[in-house]
Amino acid sequence: MARIKYTVDYLIKSSPTILFDFLSTASGLSQWFADRVEDNNADELVFFWEGYPEKAAIVDAVDNEFIRFEMESGEDEEYLEFRIEKSEVTADTILIITDFADKTDIPDQKKLWDSQIKTLTNRVGGSN
């Protein structure tokens, strides 16, 4: 059964520049996304969760706007994307995450993102 693409979005009280650093660098991602993150080269990071490595290729990025990863263990055409937008009405920074999961796992995945984003907002100083 094919996994389904889903998105979640969060209001982050941070500038896009600061937020992008937390989404696109090994040091930033290791503060909220994984236990540890290493730079393999300019186009690849290695995430570690509970000691297990997961390689991720950076397949597309625009500074302060978005970054897209393809995880080594992911299916074809799947990716993880962090996109930063500014609300035209309020000028707030919005983080939109695109991910893939089995349909039955999406509610649990969204709860996991909620938890990780809470850590991220604490790190960027933008607690809601």
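Two residues are said to be in contact here when heavy atoms of theirs lie within 4.5 Å. Keep that in mind as we walk through this chain, which is a predicted model.

Let's start with Thr 98, which sits in strand 7, the stretch covering residues 93-101. Leave aside its neighbours within four places in sequence, and Thr 98 is in contact with Lys 5, Tyr 6, Thr 7, Tyr 79, Leu 80 and Glu 81. Is Thr 98 buried or exposed? Its relative accessible area is 6%, so Thr 98 counts as buried, the cut-off for that being under 20%.

Now step back and take in the whole chain. You'll find 3 helices and 7 strands in it. Read from the N terminus on, the elements go β-α-α-β-β-β-β-β-β-α. If you drew a box around the C-alpha atoms along the principal axes, it would come to roughly 40 × 35 × 25 Å. A compact globule of 128 residues would have a radius of gyration near 14 Å, and the chain agrees with that because its own value is 14 Å. Of those 128 residues, 40% count as buried. As for how the chain meets itself, take the contacts with a separation of 6 or more: 44% of them are between residues 24 or more positions apart.

What about the outside? The chain exposes about 7,600 Å², and carbon and sulfur atoms supply 45% of that area. On the charge side, there are 13 positive and 27 negative side chains. The centres of these two sets lie 7 Å apart.

Next, follow the strands in the middle of the chain. Strand 3 (residues 44-49) pairs with strand 4 (residues 52-62) in the antiparallel sense, over 6 bridges. To see one spot along this pairing, look for Glu 44, which stands opposite Ala 57 of strand 4. The hairpin of strand 3 and strand 4 has 2 residues between the strands, and in it Glu 50 takes a positive phi near 50 degrees.

Strand 4 also pairs with strand 5 (residues 66-71), again in the antiparallel sense and over 6 bridges. Here Ile 58 has Phe 69 in strand 5 as its bridge partner. In this second hairpin, 3 residues lie between the strands. Which residue there takes a positive phi near 65 degrees? That's Asn 64, and Asn 64 does this although it is not a glycine. Asn 64 lies in the loop between strand 4 and strand 5. With a relative accessibility of 29%, Asn 64 counts as partly exposed.

One more loop deserves a visit: the one between strand 6 (80-86) and strand 7, where you'll find Asp 92. Ala 91 has its place in that loop too. Ala 91 is not a glycine either, yet it has a positive phi of about 65 degrees. Its relative accessible area is 47%, so Ala 91 is partly exposed, which is the label for values between the 20% and 50% cut-offs. Asp 92 is partly exposed as well, at 29%.

Finally, see what Asp 92 touches. Apart from neighbours within four places in sequence, Asp 92 is in contact with Leu 11, Glu 85, Lys 86 and Ser 87. For a sense of distance, try Ile 18: Asp 92 and Ile 18 are 74 residues apart in sequence, and their C-alpha atoms are 14 Å apart in space.

Conventions:
Residues are numbered from 1 along each chain as its sequence is written. This is a predicted model: local features need pLDDT of at least 70, side-chain atom pairs count only at pLDDT 80 or more; totals for chains, interfaces and linings use all residues. Side-chain values use heavy atoms; hydrogens and water are left out. Helices (H or I, at least four residues) and strands (E, at least two) are DSSP runs, numbered from the N terminus. Buried means under 20% relative accessible area, exposed over 50%, partly exposed in between (1.4 Å probe, protein chains only). Two strands pair if DSSP finds at least two bridges between them. The radius of gyration is taken over C-alpha atoms; the globule rule is 2.2 Å times the number of residues to the power 0.38. Accessible areas come from the Shrake-Rupley method with a 1.4 Å probe; for residues, only the protein chains shown count as cover. Lys and Arg count as positive and Asp and Glu as negative; His and the chain ends are not counted. The place of a charge is taken as NZ of Lys, CZ of Arg, CG of Asp or CD of Glu.
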